[in-house]
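Dear colleague,

I am handing over the structure below, and after it you will find what turned up when I went through it. Please read the notes with the coordinates open beside you.

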Amino acid sequence: MAILLVQEANENQCFYVSIPKPDMADGFDSEAGPFLEGGDVLVLDKTIFVGNSGLASNKNGVQWLRNLASNFDYTVVEVPLHPTILHLDCALSLVREGLMIVCKEALIDGIPEQLRDWDKIHVSLEDAAKLATNGLPINEKVYITDKEFTWIGEQLAKRGITVESVDFTNSRSLGGSFRCSTQPLLRTDL
C-alpha cells in the first residue's frame with residue numbers, strides 16, 4: 001500500500017507525510033508511540049476528529065497530528081472512547097453534513113461540540129461492537145452498510161439517503177467493516 005501511496009503522491013504532486021515510527025526504547029509493549037490508526041481519524045472540513053480508547057491511537061499520535069495539521073489550518077479534536085471501542089469509526093459515522101450515526105455510550109466526553117446539533121441515528125454499545133457505525137458514505141446521497149443493520153438503513157432512507165446493503169458478516173467477524181476496507185485516495189465532483 002505504501003508504494004501505491006508514494007506513486008500516487010509523486011504523479012499528482014501531492015504532499016505526502018507519514019507518522020514517525022513508534023518509539024520502542026521501552027520495549028515491544030511501549031505506549032510511547034506515537035500511534036495513529038486510520039479508523040480513529042474522521043475528517044470534516046478543517047476539523048479532524050481522532051478517537052483514543054487506549055487500544056489503537058494514543059495521545060502522542062494525536063499530538064503529532066495536531067502539530068502537523070495546524071500548519072495547514074486544521075484543528076484536531078481528540079475524542080476519548082469507551083475502553084472496549086477499538087476505533088472512532090466504530091462509534092461514529094459522519095453520513096453527510098448534519099447527519100451522523102453515533103453510539104453516545106462509546107464517547108466518554110459525549111458528542112464533540114462541533115457535532116452536537118447534528119441529526120443523530122443512535123446505536124447501542126452492543127451494536128457499536130458489531131460495527132453498526134462502520135458504514136461507508138459514498139457521497140451525500142449514498143451510504144453502504146451491512147444488511148444486518150436494516151433499521152439503520154430505514155432511518156437513513158427516511159432522511160433521503162439511498163442505502164446499499166451488503167452482507168459483510170465475515171469481515172465484521174474479523175473486526176473490520178466497510179470503512180476499514182477502503183482507502184480513499186482522491187475524491188472529485190464529477
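**Notes on the model**

Asp40 is buried, its relative accessible area being 1%, where buried stands for under 20% relative accessible area, exposed for over 50%, and partly exposed for what lies in between (1.4 Å probe, protein chains only). This is a predicted model, in which local features need pLDDT of at least 70 and side-chain atom pairs count only at pLDDT 80 or more, while totals for chains, interfaces and linings use all residues. Residues are numbered from 1 along each chain as its sequence is written, and side-chain values use heavy atoms, with hydrogens and water left out.

Asp40 sits in the loop between helix 1 (2–11) and strand 1 (41–44); helices (H or I, at least four residues) and strands (E, at least two) are DSSP runs, numbered from the N terminus. Leaving aside residues up to four places away in sequence, Asp40 touches Phe49, Val50, Gly51, Asn52, Ala56, Ser57, Leu81, Leu86, His87 and Leu88, a contact being heavy atoms within 4.5 Å.

Tyr74 belongs to another loop, the one between helix 2 (59–70) and strand 3 (75–80), and it counts as partly exposed because its relative accessibility is 29%. Not counting residues up to four places away in sequence, the contacts of Tyr74 are Val43, Asp45, Lys46, Thr47, Ile48 and Ala69. Phe72 is also found in the loop between helix 2 and strand 3, and is partly exposed with a relative accessible area of 37%. Together with Phe15 and Val17, Phe72 forms a nonpolar patch on the surface, with about 310 Å² of accessible area in total. Patches are made of residues with over 30% relative accessible area and no salt bridge, like charges being joined within 9 Å and nonpolar side chains (Val, Leu, Ile, Met, Phe, Trp, Tyr) within 5 Å; the accessible areas come from the Shrake-Rupley method with a 1.4 Å probe, and for residues only the protein chains shown count as cover.

Turning to the interior, the largest nonpolar core has 33 residues, and those with the most contacts inside it are Leu115 and Leu156. A nonpolar core is here a set of buried Ala, Val, Leu, Ile, Met, Phe, Trp, Tyr and Cys residues joined through side-chain atoms within 4.5 Å. Strand 1, strand 3, strand 4, strand 5 and helix 4 each supply at least two residues of this largest core, and the largest share, 4 residues, comes from strand 5. Leu115 touches Leu44, Phe49, Leu92, Leu94, Met100 and Lys120, again not counting residues up to four places away in sequence. Apart from this largest core lies another core, of 7 residues, among them Ile48, Val62, Leu65 and Ala69.

In helix 4 (residues 150–158), Ile152, Gly153 and Leu156 are buried. These residues lie on the same side of helix 4, because they cover an arc of only 100 degrees around the axis, the arc being that of the directions from the helix axis to the C-beta atoms. The buried residues of helix 4 pack against strand 4 (92–96), strand 5 (99–102), strand 6 (119–122), strand 8 (142–146) and strand 9 (162–166). Just after helix 4, Gly160 takes a positive phi of about 85 degrees.

As for charged pairs, a salt bridge is a side-chain nitrogen of Lys or Arg within 4 Å of a carboxyl oxygen of Asp or Glu, and by this rule the count comes to 5 salt bridges. Asp119 forms one of them with Arg159, the closest N and O atoms being 2.6 Å apart. This pair links distant parts of the chain, since Asp119 is in strand 6 and Arg159 in the loop between helix 4 and strand 9, 40 residues apart. Asp119 is partly exposed at 34% relative accessible area, and Arg159 is partly exposed at 22%.

Glu126, Lys130 and Glu148 are linked in a network of salt bridges. The side chains of Lys130 and Glu126 meet at 3.8 Å, N to O, and those of Glu148 and Lys130 at 3.9 Å, N to O. The latter pair links distant parts of the chain, with Glu148 in the loop between strand 8 and helix 4 and Lys130 in the loop between helix 3 (125–129) and strand 7 (136–139), 18 residues apart. Glu126 counts as exposed at 54% relative accessibility, whereas Lys130 is partly exposed with a relative accessible area of 32% and Glu148 is partly exposed with one of 39%.

With kind regards
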